[in-house]
Structures are given as structure tokens and as C-alpha cells.
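I opened this notebook to record what I looked up in the structure, entry by entry. The entries begin with a strand pairing and end with the overall totals.

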Amino acid sequence: PDENTVQNYFDENGRRRAKVVTPKVLSVVRNQFDCQNLDGAFLEEQGNSCFGDIWDARRHHLEGSIISPLTLALLEDSGWYRVNYSVGTPNP
């Protein structure tokens, strides 16, 4: 993916990680954590050369089992969907 969509980096333990950095995803994750300095929504670390295909469970609790505003934001940023945020379930 383009670096305006997903950015790769190495964490403090030297593991390759990835985060989604699209505009609406940034807006939702910053509001969700009440932290305007967040620079992306983290993907699950898979322990190999590929980045994860789900939200990081340690940071984005329950994202895989609900349709959250974070997931809706990614769908909208893809340009393939128009979303209705009122159907999203906020992440506790």
C-alpha cells in the first residue's frame, strides 16, 4: 500500500509493525483515545514479514468483533464505500 495509507516502522524491540494513517482513520483513533498526537491506528503484528490484516488487539479492543467507527473510517477512506457512522459500535 501507499505510505499515505499504511506506514511501516520498527518498534522498540526491533519488530516490524504497521499502522493505518488515512485521514478519517487518524481522526477516529485520535478521538477514540482523546489524544491528538496519535499518528495512526496500529495493525496486529504477525511475527513475519507481512503486516497484520486486523487492528491491533492490545490497542483497539474488540475491533474484530464489532463494526466500529475505526473500521468504518478505513472503509470510507478507501473510496469504495460511503458509511453511516451511526451504525458503528464505539469501542469501550
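Entry 1, the β1–β2 pairing. I looked up the bridge partner of Tyr-9 and found Arg-17, in β2. I note at the outset that the model is a predicted one. Strand β1 covers residues 6-10; it runs antiparallel to β2 and is joined to β2 by 5 bridges. The two strands make a hairpin with 5 residues between them. In the turn I checked Gly-14, whose phi is positive at about 80°.

Entry 2, salt bridges. How many salt bridges does the structure hold? I count 2. I recalled that side chains of opposite charge can pair when their charged atoms come close.

In one of them the side chains of Asp-11 and Arg-15 meet, at 2.9 Å from N to O. I then asked whether Asp-11 is buried or exposed. Asp-11 has a relative accessibility of 12% and therefore counts as buried, the cut-off being under 20%. Its partner Arg-15 is partly exposed, at 31%.

Asp-39 forms a salt bridge with Lys-19, and their closest N and O atoms are 2.8 Å apart. This pair links distant parts of the chain, as Asp-39 lies in the loop between α1 and β3 (41-45) and Lys-19 in strand β2, 20 residues apart. Lys-19 counts as buried because its relative accessibility is 9%. For Asp-39 I read 40%, so this residue counts as partly exposed.

Entry 3, Ser-27. I located Ser-27 in helix α1, which spans residues 23-32. Its relative accessibility is 38%, so I entered Ser-27 as partly exposed. I also took the C-alpha to C-alpha distance from Ser-27 to Asp-39: 9.7 Å in space, for a separation of 12 residues in sequence.

Entry 4, Thr-22. Thr-22 sits in the loop between β2 (16-20) and α1. I find Thr-22 buried, because its relative accessible area is 5%. Which residues does Thr-22 touch, not counting those up to four places away in sequence? I listed Asn-4, Thr-5, Leu-74 and Asp-77.

Entry 5, helix α2. I looked up the buried residues of α2 (residues 69-77) and obtained Leu-70, Leu-72 and Ala-73. Viewed down the axis of α2, these buried residues fall within an arc of 160°, so they line one face of the helix. As background, an α-helix has 3.6 residues a turn, so residues three or four places apart point the same way.

Entry 6, after α2. Gly-79 follows α2 and has a positive phi, near 85°. Trp-80 is found in the segment after α2. With 71% relative accessibility, Trp-80 counts as exposed, because the cut-off is over 50%. I further noted that Trp-80 forms a nonpolar surface patch with Leu-75 and Tyr-81, and that the accessible area of the three together is about 380 Å².

Entry 7, totals. The protein has 2 helices and 4 strands, in the order β-β-α-β-β-α along the sequence. It has 92 residues, of which 30% count as buried. I recorded an accessible surface of about 6,000 Å², with 52% belonging to carbon and sulfur atoms. Finally, among contacts with a separation of 6 or more, 36% come from residues 24 or more positions apart.

Terms used. Residues numbered from 1 in each chain as written. Predicted model: local features only at pLDDT ≥ 70, side-chain atom pairs only at ≥ 80, totals over all residues. Heavy atoms only, no water. Buried < 20%, exposed > 50% of the residue type's maximum accessible area, 1.4 Å probe, protein only. Contact = heavy atoms within 4.5 Å. Arc of directions from axis to C-beta. Patch = residues over 30% accessible without salt bridge, like charges linked within 9 Å, V, L, I, M, F, W, Y side chains within 5 Å. Areas by Shrake-Rupley, 256 points an atom, 1.4 Å probe, with all protein chains shown as cover. Salt bridge = Lys/Arg side-chain N within 4 Å of Asp/Glu carboxyl O. Pairing = 2+ DSSP bridges.
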